[in-house]
Amino acid sequence: MSFSILAAGAAHGGGTPAWAMLAYLVSGVFFILALRGLSSPATSQAGNRNGMIGMGIALITTLVTHDLANIFEIAAALAIGGVIGVVIARRIAMTAMPELVAGFHSLVGLAAVVVGFGAWLDPQSFGIVDGAGQILAVSRIELGLGIAIGAITFSGSVIAFLKLSGRMSGSPIMLPGRHVINLGTLAAILGLIALYTISPQGGAGEGWMVIAIAILAFIIGFLLIIPIGGADMPVVVSMLNSYSGWAAAAMGFTLGNSAMIITGALVGSSGAILSYIMCRAMNRSFISVIAGGFGADAGAGGGGGGAREQRPYKQGSAEDAAYMLEQAEKVIIIPGYGMAVAQAQHALREMGDKLKEKGVEVKYAIHPVAGRMPGHMNVLLAEASVPYDEVFELEDINSEFAQCDVAFIIGANDVVNPAAKTDKSSPIYGMPVFDVDKAKQVFFIKRSMGGVGYAGVDNDVFYMNQTVMLLADAKKMVEEIVKSLD
Amino acid sequence: MSFSILAAGAAHGGGTPAWAMLAYLVSGVFFILALRGLSSPATSQAGNRNGMIGMGIALITTLVTHDLANIFEIAAALAIGGVIGVVIARRIAMTAMPELVAGFHSLVGLAAVVVGFGAWLDPQSFGIVDGAGQILAVSRIELGLGIAIGAITFSGSVIAFLKLSGRMSGSPIMLPGRHVINLGTLAAILGLIALYTISPQGGAGEGWMVIAIAILAFIIGFLLIIPIGGADMPVVVSMLNSYSGWAAAAMGFTLGNSAMIITGALVGSSGAILSYIMCRAMNRSFISVIAGGFGADAGAGGGGGGAREQRPYKQGSAEDAAYMLEQAEKVIIIPGYGMAVAQAQHALREMGDKLKEKGVEVKYAIHPVAGRMPGHMNVLLAEASVPYDEVFELEDINSEFAQCDVAFIIGANDVVNPAAKTDKSSPIYGMPVFDVDKAKQVFFIKRSMGGVGYAGVDNDVFYMNQTVMLLADAKKMVEEIVKSLD
Amino acid sequence: MDFISILSIFVLACFVGYYVVWSVTPALHTPLMAVTNAISSVIIVGALIAAAEANSPIAKYLGLFGVVLASINIFGGFAVTQRMLAMYKKKGK
Amino acid sequence: MDFISILSIFVLACFVGYYVVWSVTPALHTPLMAVTNAISSVIIVGALIAAAEANSPIAKYLGLFGVVLASINIFGGFAVTQRMLAMYKKKGK
Ligand SMILES: NC(=O)c1ccc[n+]([C@@H]2O[C@H](COP(=O)([O-])OP(=O)(O)OC[C@H]3O[C@@H](n4cnc5c(N)ncnc54)[C@H](OP(=O)(O)O)[C@@H]3O)[C@@H](O)[C@H]2O)c1
Ligand SMILES: NC(=O)c1ccc[n+]([C@@H]2O[C@H](COP(=O)([O-])OP(=O)(O)OC[C@H]3O[C@@H](n4cnc5c(N)ncnc54)[C@H](OP(=O)(O)O)[C@@H]3O)[C@@H](O)[C@H]2O)c1
């Protein structure tokens, strides 16, 4: 058996002193502890601090073990980035989290491309050259893949950012023959990487190949993401997150750096698992999400379902709702994407407080894909100071609708649609949904009867006997209810 | 900073070819998958097969990369061990699991001692010699610790085996001044290891030190375990299991063998976590268990609580019980150590089946420390073909006693004792227990009013209004109930 | 580090990642996305090497650019995570 | 393998062990004890080395003795685990 590729790898990280390797390991362990902290809100802040410590250790170790001649320029670069980062982090509205994550994400992708080019231009410093001064074959593969994945992450995340922030229409853009174009481009990228790896003057030469890999990867990132609808963007962001993790791990192999390897595995798993959780909660296959085209008729921002039959429904006012809510013993509130759009979380919390004062039991029920990113609703409710022990997951609360007096749906739609349980032809069939039909009374806040949820389908809940539609902007409606509760 | 110890370690496993190192990694991954399979009964058998595959890979890799001159003797040794192992595994009664685990465990300990001596006698083959032919300092520490831990595991497990199998009294044997003796012996062992490590003609010489370490460790294993009561043996076995895991990991460091390192970490964690779970379920500190002396008045086999006040109780017959059980809508069965002693699980299953035929809902409730080892009751019920989805954990079923008609306690005692909730002076205070007092009717099978549970305390459940005592051997009593049910 | 060691670390880290991410409570999935964003910027190590060693001026400026990009992410990612996490409160607090 | 690599593997393996053992269902804690018993006999690798290389006759016979002990555990441990696991059945099967 030949293991030449293994032997070639023996040089990895060869120049790093033992204490630095230990420091990178410690840094990796801190990153593990950072994610571990997120297992409960109580430990999460300590977790985040562990993440910072880990990053600090990695930074300092790298600086100390390398030439410090450019330390002032480096410090300036860190300071510039740091200030920009902190300012963005402070200013951003909580409702803008999905696009912020996508935006930050594009930066990681671009940074990976930049590092890849740096390693290609200056392979000695990265310790990836063989005796003849050429870049090692394994390192060339890692380098090519790193640049390609980084570039895809960059352009894909930019599109995701634009779609999520509404700067670009959320509806899928379907080019004709796109599958052929995409496959062709992908094949070209892989071919170029292979060519670069075996190229005799390769190594630090063959610049056109490296640049072509980057350009093609930028293009394919763009092509791959535009056919995907706006509300599927979270899956895309997670997927790209996962890819970028694996790219960081590949870079870690090149540098023999355990902090990078561990981080790569953590981030790679995180992205993959979140994508999986979202797909499962929507009962759609990952492939169908990535193939795109979903949400073609109705974008994330609403839009009409067109030729729907008119069915009778009841409409109510804020006063009606306030009266019924006061009388109730138990109210379950189901927030959705519309709550985020309307920024209604603070008013909602006030309403909850008022009801609790009057002796009503109030619980919040969160669907795994309510809103536009995993945990989106939880963050918004936390922002409005709703205690997290009043907020429940789908499977923990779904059995309680039978015992509740009022199900209060605010800006949610698909996640309460019974068609998911009954109608095999529905695009959301099989998705687990809240059993709001079991509640004695349902209030449903949305702006108009025309608007639909992300999946673009009608919802039988509108027309149920016990449903009262509250047609208005979520924030205004809740504020009026709060007034009527006084 | 000086990192000479790290540099010294650089030789570890130096001679092993790359493919073999890869194979050991794969073997380690299979061991991880083996334990992962145990996360549910459905995947557990596949998990166990993964464990076998992993072991096969490790064995074959080791044989292939070493001299095959003695292959026939080795094959014979493997065959002898294999036959003995399989015969024991086939013949053993399920009720004898606790002592089997302890017994097998002692063998691992002895094997570790033997390997330690082997490495000391023949350090070249283990690749742990320096240029001058002396054993490396790190390896000497690992070797000394490995022998010491192995020897403690051996003698400790032998005592645990004898106590659990009833070949030795379960009651603690308290030597005077034992803490002084123990600390002295431990100090002597550590001192000898240190002396051996720095000894100039050390290495493969200084046999008296190595032998003295082994002998002292055998003695201390004995001394440490005899003061611990019989029912605390599972904690001891788990603790020794954990130690032996760490010893295997240390050996893995010496040989640079990732299969051993991974196994060591798995086994080490497993033992530690099981000990922790048991201590938590008994609300006792690990230290108090290891310090020993618990169960001084009443051994595992029962024994009188002596001067207890006589309080009135109701006694019933099998016919009474059968009549009430038939009438019930929901019955919760709580098995304990006494069911294992009486081997009543098959009769119990038959009773459950009869009741289910008559339309009664039957559930089994298992306390984390019911019986004499973690999961003991689950195995016995599984043996009697009770489906595992009728068997529930304490926290999942405890709220259901309020809605159940009959709580049927068979051979359990401490795990239903309300003193754990109310009586601060009780030795079991703070231990979570089943809320059997909330059931409409309680049947309690034990042999006599005199016998107590492991903790040796009286139980208010005996004297409750709704309790009927069924005083007899558990198996006989249940068989009679089954007859009356016809 | 030899290749097998690196591979071993990677394989085990994948197991750790799998378990640690599944143990994250769904209520904190948004902070999880933000914090993984921040830690994945550990590739700043590569940018720092390029910026510090600088055998080629283009490599140096590319490296410095990479440092800026990654540090936006690091500082921004940890800060926004911190901001979010500080909002999660228990009843009665 | 250098010491840092081994240490890294060990540290990560401890995390894996922690998570994987906590994920074992309590109903299977007895089989867990039996199977950890079996896999901890991987120290048979050491016994095999002693038995195979045999630069010293005592080492050889010690090694062979170790092989016997460990293989009792390996075969016995996996077999008894198998026997136990085969008994766990779902309702209606
Ligand atoms: N969370 C994730 O990670 C994720 C990931 C991928 C996909 N998705 C998808 O996103 C959807 C999320 O479901 P959802 O129930 O939260 O939302 P939804 O089904 O998209 O429905 C949003 C509702 O809010 C209403 N709305 C919008 N703006 C409003 C405002 N200002 N005031 C009041 N109401 C307003 C809309 O009706 P009007 O237009 O009439 O007001 C609509 O009924 C699911 O289909 C899910 O599969 C989520
Ligand atoms: N499972 C573990 O891992 C573990 C570990 C460490 C410690 N422990 C300890 O072990 C105890 C286990 O509690 P447990 O409730 O299962 O048992 P227990 O409290 O020890 O009680 C056993 C009961 O079974 C009865 N009994 C014994 N032989 C019998 C027979 N042949 N037929 C009928 N009844 C019989 C005894 O009374 P008679 O003598 O009157 O018959 C006694 O009431 C706890 O104190 C726990 O802390 C368990």
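**Exercise 1. Describe the area buried between chain C and chain D, and state which residues of chain C supply most to it.**

Solution. The area buried between chain C and chain D is about 1000 Å², and carbon and sulfur atoms give 81% of it. Buried area here is the accessible area, found with a 1.4 Å probe, that two parts lose on being put together, summed over both. The size of an interface is often given in this way, as the accessible area lost when the parts come together. On the side of chain C, the residues L12(C), V16(C) and Y19(C) supply 46% of the area that chain C buries against chain D, which is more than any other three residues.

The next step is to count residues: 13 residues of chain C are in contact with 13 residues of chain D, where contact means heavy atoms within 4.5 Å. The rule finds 0 salt bridges across this interface, a salt bridge being a side-chain nitrogen of Lys or Arg within 4 Å of a carboxyl oxygen of Asp or Glu. It finds 1 residue pair in polar contact, with both residues at pLDDT 80 or more. A polar contact is a pair of N or O atoms within 3.5 Å; within protein, one must be able to donate a hydrogen and the other to accept it, and residues adjacent in sequence count only if both atoms are side-chain atoms. By class, the side of chain C that touches chain D has 9 nonpolar, 3 polar and 1 charged residues, where Ala, Val, Leu, Ile, Met, Phe, Trp, Tyr, Cys and Pro count as nonpolar, Asp, Glu, Lys and Arg as charged, and the others, Gly among them, as polar.

A note on reading these values: the model is predicted, so local features need pLDDT of at least 70 and side-chain atom pairs count only at pLDDT 80 or more, while totals for chains, interfaces and linings use all residues. Residues are numbered from 1 along each chain as its sequence is written, chains are lettered from A and ligands numbered from 1 in the order in which they are written, and side-chain values use heavy atoms, with hydrogens and water left out.

**Exercise 2. Work out how chain D meets chain B, from the area down to the salt bridge.**

Solution. Begin with the area, which is about 8500 Å² between chain D and chain B, with 77% given by carbon and sulfur atoms. The contact involves 83 residues of chain D and 101 residues of chain B. M1(D), M33(D) and I43(D) supply 9% of the area that chain D buries against chain B, more than any other three residues.

Turning to polar features, the count between the two chains is 1 salt bridge. The side chains of K60(D) and E73(B) meet in a salt bridge, at 2.7 Å from N to O. There are also 19 residue pairs in polar contact between chain D and chain B, both residues at pLDDT 80 or more.

Finally, look at the elements on the side of chain D that touches chain B: helix 1 (3-22), helix 2 (29-40), helix 3 (44-53) and helix 4 (57-87) of chain D each supply at least two residues. Helices (H or I, at least four residues) and strands (E, at least two) are DSSP runs, numbered from the N terminus. Helix 4 of chain D gives the largest share of this side, 30 residues. The classes on this side are 56 nonpolar, 20 polar and 7 charged residues.

**Exercise 3. Decide whether S8(C) and T25(C) are buried or exposed, and name what each one touches.**

Solution. S8(C) is found in helix 1 of chain C. With a relative accessible area of 0%, S8(C) is buried, since buried means under 20% relative accessible area, exposed over 50%, and partly exposed in between (1.4 Å probe, protein chains only). Leaving aside neighbours within four places in sequence, S8(C) is in contact with L25(B), M1(D) and I9(D).

T25(C) lies in the loop between helix 1 (3-22) and helix 2 (29-40) of chain C. T25(C) also counts as buried, because its relative accessibility is 18%. Not counting residues up to four places away in sequence, T25(C) touches L38(A), S39(A), S40(A) and P41(A).

**Exercise 4. Summarise the make-up of chain A.**

Solution. Chain A has 19 helices and 6 strands, and its C-alpha trace spans about 80 × 50 × 45 Å along its principal axes. Of the 486 residues in chain A, 59% are buried.
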